[in-house]
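Here are some notes for a colleague who is opening this structure without having seen it before. Please read the points beside the display, in the order given.

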Amino acid sequence: MKIVDASVVVTSPGRNFVTLKITTDDGVTGLGDATLNGRELAVVSYLRDHVAPLLIGLDPHRIEDTWQSLYRGAYWRRGPVTMAAIAAVDVALWDIKAKVANLPLYQLLGGASRDRVRTYGHASGRDAPELFDSVRARLEQGYQSIRIQTGIPGLQRVYGVGGEPDALPDGRVRPLVEDWDTGAYLRHMPSVFEAVRNEFGPELPLLHDAHHRLTPLQAARLGKDLEPYDLFWLEDCTPAENQEGLRLVRSHTTTPLAIGEVFNSIHDFRTLVNEQLIDYVRAAVTHFGGVSPIRKLFDFAAQQQIKSAIHGPEDISPVGMAAAIHLDLAIHNFGIQEYAGYTAATDEVFRHAYTFTDGHLHPGEAPGLGVELDEELAAAHPYAPAYLPVNRLADGTVHDW
Ligand code: KDG
Ligand code: MG
């Protein structure tokens with residue numbers, strides 16, 4: 001069996017998604033997600049110009065060898081563009097292997113370790129009434145664990161309740177500028193969780209994403225202040241490239257910590273895992289080089305009783321989501337899966353076998369990943385330039401986003 005074609009499809013049914021499609025001489029196709037929010041076309045070029053020509057003629061069954069040759073052979077290792085491109089190849093090859101075996105991917109990963117995959121959804125509101133409505137809407141959709149994001153008094157636009165990107169009169173798009181004040185945030189958040197607990201009771205699992213904005217000392221204080229509200233986790237409390245900084249956070253709070261959605265290599269987690277400084281690894285299949293390396297990460301994390309929590313916002317395509325759900329079902333140290341859901345238009349472009357019921361996902365029993373890309377429909381939604389927001393303090397200084 002040989003690879004005869006590798007093409008890249010960009011589609012924007014509401015937001016941009018990049019998909020690699022690999023075709024074999026037997027006519028079997030595999031899909032991989034290569035979406036990198038706000039920098040999509042860099043990965044398209046990496047795949048089209050540098051990776052696709054190398055794939056033609058290769059045996060699609062040699063997944064590990066192909067992964068190693070793309071990773072080591074480029075000499076320039078890691079980074080989100082490279083690792084998203086390699087992830088797309090890896091996932092597409094797993095899709096092909098599972099289709100040829102006529103099995104859903106999770107069967108090739110060791111089979112099911114559980115019956116269904118627990119998820120959490122997003123609730124956000126500018127103030128308490130809006131936030132409560134958002135929590136109720138998620139509960140009605142079946143979610144049983146909920147991430148809470150909220151406005152901060154005195155700030156116009158903050159993460160989770162930011163609004164639309166700024167458009168210039170000539171039609172060019174500029175990143176939305178959000179506002180930040182760490183002091184105001186630290187003073188406000190405990191009262192938000194107190195109000196949510198009073199409204200929804202002690203049992204609902206609650207999560208919160210600090211989105212890399214705090215120093216280790218500030219994160220330690222927030223973790224301590226939130227302890228009475230029994231969070232499922234506090235996410236990305238610091239920009240965790242400074243892995244050692246988490247020692248300080250950890251030594252001051254028992255609030256569970258989740259980190260890693262912007263990481264793209266097992267090396268980014270080394271100190272965090274070896275010293276058990278976190279409780280959940282948050283890498284995405286799509287940005288971590290695919291199913292093959294993220295499985296190694298989960299096995300590494302398991303040695304320290306750390307669980308998986310695959311990144312699953314709406315900017316990862318249904319292809320990347322499907323790969324995540326197959327892994328979630330198969331691995332032993334599964335923790336939780338983020339699932340923000342998709343627009344109806346996205347679900348039409350990417351028809352999928354996975355299902356969402358009572359707050360739980362299941363990958364379905366279709367051979368491979370169980371995702372079909374409708375290329376005609378995809379073409380009806382062309383690429384639309386878009387950026388992630390930037391975040392500024394009151395005096396104009398750029399802050400971590
Ligand atoms: O592209 C950026 C998003 O993926 C990010 O803001 C989502 O933090 C996020 C999360 O936890 O889903
Ligand atoms: Mg996050």
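1. A polar contact here is a pair of N or O atoms within 3.5 Å; within protein, one must be able to donate a hydrogen and the other to accept it, and residues adjacent in sequence count only if both atoms are side-chain atoms. With that in mind, the side chain of E178 reaches the backbone nitrogen of Y159 at 3.2 Å, and a polar contact of 3.0 Å joins the side chains of E178 and W401.

2. On the basis of the note: this is a predicted model, in which local features need pLDDT of at least 70 and side-chain atom pairs count only at pLDDT 80 or more, while totals for chains, interfaces and linings use all residues. Residues are numbered from 1 along each chain as its sequence is written, chains are lettered from A and ligands numbered from 1 in the order in which they are written, and side-chain values use heavy atoms, with hydrogens and water left out.

3. E178 belongs to strand β8 (residues 177-180), where strands are DSSP runs of E with at least two residues and helices are runs of H or I with at least four, numbered from the N terminus. With a relative accessibility of 3%, E178 counts as buried, a word that means under 20% relative accessible area, against over 50% for exposed and partly exposed in between (1.4 Å probe, protein chains only).

4. Which residues supply the protein donors of the magnesium ion (ligand 2)? They are D209 (OD), E235 (OE) and E261 (OE), at 2.0 to 2.1 Å from the ion, donors being N, O and S atoms within 2.8 Å of the metal (3.2 Å for Na, K and Ca); water is not among the atoms, so sites may look incomplete. Along the chain these donors follow the spacing D-x25-E-x25-E. Because D209 lies in strand β9 (residues 206-209) and E235 in strand β10 (residues 233-235), the pair ties together parts that are 26 residues apart in sequence.

5. Both of these residues recur at ligand 1: a polar side-chain atom of D209 lies 3.0 Å from an oxygen atom of ligand 1, and an N or O atom in the side chain of E235 is 2.9 Å from an oxygen atom of ligand 1. D209 is buried at 3% relative accessibility, and E235 is buried with a relative accessible area of 0%.
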